[in-house]
Amino acid sequence: MLLESLSETSNTDREPGNSAKLQRALKGDLDNIVLKALRKEPSRRYASVEQFGEDIRRHLEGLPVGATPDSASYRASKFVRRHTAGVAATVLIALTVMAGLGATLWEARAAVQERTRAERRFNDVRQLANFFLFEFDEAIKDLPGSTPARSLVVKRALEYLDGLAAEARGDRSLQMEVATAYKSVGEVQGDPMFPNLGDSKGALESSNKALAILEALDRAVPEDQQVRLGVASTHQQISNVLAFTGDTVGAVEHSGKALEIYESLSGKLSKDAAFQTDLVTQIYHHANLLKSVGRLDEAAAEYRRAVEISQGMVAASPLDPQGKIHLGTSLDGLGNVLQEKGDTPGALENRRVGLATREELARLDPNNSHYRRQLAFSHHNVGLSLVEAGDLASALAHFRQELSLFESLAAADPKDVQGQRNRSLAHKQIGDVLMRTGEVRAALAHYRAAMDVDRDLSAVDAANSQAALDLSFSEGKVGSALGNLGQTRDALRILRTAVARQESLIAKDPQHILLYNHLANSYSRLAKCLLDSGQRKSAVEYYWKAVAARITLSKRSPTSRANRGALAECYANLANALGPVDRQNALKQYGSAVELLETLTADRSNAPYRIALADALSSSARLYMQMAGQGSKSSTHMQYWTKAKSLYQRSRELWIGLGRDGRVPAEHQQAIREVNSELARCNDSLAKRQ
């Protein structure tokens with residue numbers, strides 16, 4: 001069988017074309033088997049036919065044979081020949097895996113390169129965005145006419161920030177940049193302390209986004225002073241916007257939180273000039289809010305602290321304008337509180353020093369719109385104190401300078417809503433002085449100009465309570481002027497509109513106590529117009545409403561001398577309306593007015609209160625004379641004449657004192673003559689009845 005196999009193999013391989021195969025076969029296992037079988041040495045030959053046959057069988061089955069020296073490569077070659085298909089598949093798979101691995105490694109390397117390029121592009125965009133959001137905006141914000149450019153920056157910045165905020169998680173530095181950018185955007189959108197676009201809703205949204213990021217960073221690393229300062233300044237920005245949207249309680253709350261943070265850091269940063277700037281700014285912002293809710297003593301104390309810190313800044317760095325900027329603002333604010341408390345000389349003194357400080361800044365940098373804006377405000381406030389002091393001509397000059405500054409700023413930057421509001425404010429003040437000097441038509445022209453501006457601004461930002469309040473002011477003033485000109489129907493219509501607008505604002509923010517002051521004034525204007533048109537009953541109704549609003553304000557702000565003086569005026573107006581129909585009640589209201597004014601005239605320097613008291617006394621005396629004239633010689637009527645004489649004498653003494661001080665306005669000269677005439681009549685009547 002073995003020989004047959006060999007013979008078969010031999011015969012087959014001898015066929016033409018198979019000689020190459022035979023040579024390869026003989027070089028392999030079969031060659032070794034034959035050679036081993038033919039060895040001369042018995043020890044190297046097969047020991048038996050069985051061993052010889054086993055090698056032949058293994059050769060035929062593709063297994064390793066004993067005649068061929070053993071090695072790893074030999075066994076591997078035999079294995080491959082036996083499992084050609086499987087090995088081929090395995091090799092193919094291996095090659096595929098290797099190719100895939102190579103491709104993956106190549107793609108990974110390409111991805112790393114792409115990520116590097118993307119990070120480089122991201123950093124480039126980040127730097128560019130930072131330039132526009134911070135450096136570019138900082139460079140242009142004080143330039144006249146910059147609001148449209150800042151608006152474009154805001155639009156692009158919001159698109160950038162909303163996409164970037166999600167990418168910033170885990171990157172503290174980037175989160176800080178995003179928060180600061182949101183805050184800057186909020187400032188341009190609607191922070192009333194700066195030129196803005198009038199978008200208070202957008203400003204609150206951006207500011208709250210900034211606050212959320214900063215508070216998260218602060219919780220993670222509480223000792224990071226930069227983050228804490230960012231939280232504080234963002235609280236104050238939110239406070240600014242809330243104050244203008246009518247949320248006084250929220251404004252005070254956020255401002256208080258900001259001040260707490262600054263004060264907690266003041267010990268560590270007492271030598272840091274930038275921190276001192278932020279601290280003093282926060283103090284007078286908070287003081288202004290305290291004033292708005294009637295906490296006048298606290299407000300005055302905070303303003304004095306701001307003045308002291310600002311003076312220290314000026315002394316430490318005389319050439320640095322920052323100290324002077326804050327000194328001017330602090331003095332102005334202190335003057336406002338002192339005026340509210342009835343201290344006109346103190347208010348005027350502080351306001352004049354603030355004006356001089358701001359004039360110096362404007363001379364040093366005449367193109368700085370912020371300096372010019374603050375200078376205009378100083379003219380405004382000095383004018384207000386001069387009005388209270390009775391110097392209307394000087395007050396009007398300051399108000400005209402205010403308007404000139406605001407007109408030039410508004411012309412340079414017509415998109416700045418705060419600048420437009422300031423124009424309206426100046427027009428109103430000029431109109432008020434002109435009304436007091438009897439130039440009603442000229443006053444009406446200024447009031448109408450103010451109302452046009454206020455209507456436009458209210459339409460721009462319907463959520464802005466300050467804009468609505470400003471519109472109600474101009475409406476009330478236009479209505480009052482129309483009433484003086486005899487255009488009663490139009491006057492009553494617009495006066496009622498102003499009242500309704502303010503009533504809705506109080507319903508929205510009942511804690512904003514200054515709204516009660518404004519509403520009382522509006523009630524009084526409407527009542528006067530009603531009285532002048534013969535509608536006495538309705539007039540009395542609105543005068544009572546004015547009194548009620550003033551009493552509410554007195555309870556919440558008991559130290560406000562200005563409100564007590566205004567309440568006395570309300571009582572006197574009510575008494576005047578009641579006089580022809582209810583003399584006893586009218587005398588009671590005059591008595592209330594006199595009682596309040598007597599507490600306010602201990603300071604002889606306050607001429608307006610002394611004039612008001614002299615008027616109230618003579619008006620009461622006039623009623624007693626009317627009641628005395630209805631009888632003949634009864635003891636009751638003698639008492640009326642005696643009471644009238646006493647009241648006229650007190651009134652006359654006040655007028656004489658005012659005349660000695662040179663404080664009697666021209667429009668009151670006739671009142672003095674009337675008092676002298678009526679006093680003489682009382683003396684004659686009493687002499688005849690004795």
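# Inside an all-helix prediction

Let's start with one residue: leaving out neighbors up to four places away in sequence, Trp-655 touches Ile-611, Ala-614, Asp-615, Val-664, His-668, Ala-671, Ile-672 and Val-675. Touching, or contact, means heavy atoms within 4.5 Å. This is a predicted model, where local features need pLDDT of at least 70 and side-chain atom pairs count only at pLDDT 80 or more, while totals for chains, interfaces and linings use all residues. Residues are numbered from 1 along each chain as its sequence is written, and side-chain values use heavy atoms, with hydrogens and water left out.

**The whole chain**

- The chain has 28 helices and 0 strands; these are DSSP runs numbered from the N terminus, with helices being H or I of at least four residues and strands E of at least two.
- Of its 690 residues, 48% count as buried. Buried means under 20% relative accessible area, exposed means over 50%, and partly exposed is in between (1.4 Å probe, protein chains only).
- About 33700 Å² of the chain is exposed, and carbon and sulfur atoms supply 54% of that; the areas come from the Shrake-Rupley method with a 1.4 Å probe, and for residues only the protein chains shown count as cover.
- Take the contacts between residues at least 6 apart in sequence: 62% of them join residues at least 24 apart.

**The cores**

- The largest nonpolar core has 100 residues, and Trp-655 is among those with the most contacts inside it, along with Val-478, Leu-526, Leu-597, Tyr-624 and Tyr-648. Helix 26 (residues 607-628) gives this core its largest share, 13 residues.
- A second, separate core of 47 residues includes Leu-174, Val-178, Val-280 and Ala-300.
- A nonpolar core is a set of buried Ala, Val, Leu, Ile, Met, Phe, Trp, Tyr and Cys residues joined through side-chain atoms within 4.5 Å.
- In soluble globular proteins, nonpolar side chains tend to be buried together.

**Helices and residues to look up**

- Helix 22 (residues 514-532) has 19 residues and spans 28 Å from its first C-alpha to its last, close to the 27 Å expected at 1.5 Å a residue (that is, 1.5 Å times one less than the number of residues). It's mostly covered, with 14 of its 19 residues buried.
- Just after helix 22, Gly-534 takes a positive phi of about 90 degrees.
- Ser-330 sits in helix 14 (residues 321-340) and is buried, at 0% relative accessible area. Beyond residues up to four places away in sequence, Ser-330 touches Val-280, Tyr-284, Tyr-303, Ala-306, Val-307 and Ser-310.

**Salt bridges**

- The whole structure holds 18 salt bridges, each one a side-chain nitrogen of Lys or Arg within 4 Å of a carboxyl oxygen of Asp or Glu.
- Arg-172 and Asp-224 meet in one of these (3.3 Å, N to O). Arg-172 lies in helix 8 (residues 172-190) and Asp-224 in the loop between helix 9 (200-220) and helix 10 (225-245), so the pair ties together parts 52 residues apart in sequence.
- Lys-477 and Asp-432 also pair up through their side chains (2.9 Å, N to O). Lys-477 belongs to helix 20 (residues 465-484) and Asp-432 to helix 18 (residues 417-436), so this salt bridge ties together parts 45 residues apart in sequence.
- Lys-477 is buried, with a relative accessible area of 12%, whereas Asp-432 is partly exposed at 22%.
- Glu-263, Glu-302 and Arg-305 are linked in a network of salt bridges.
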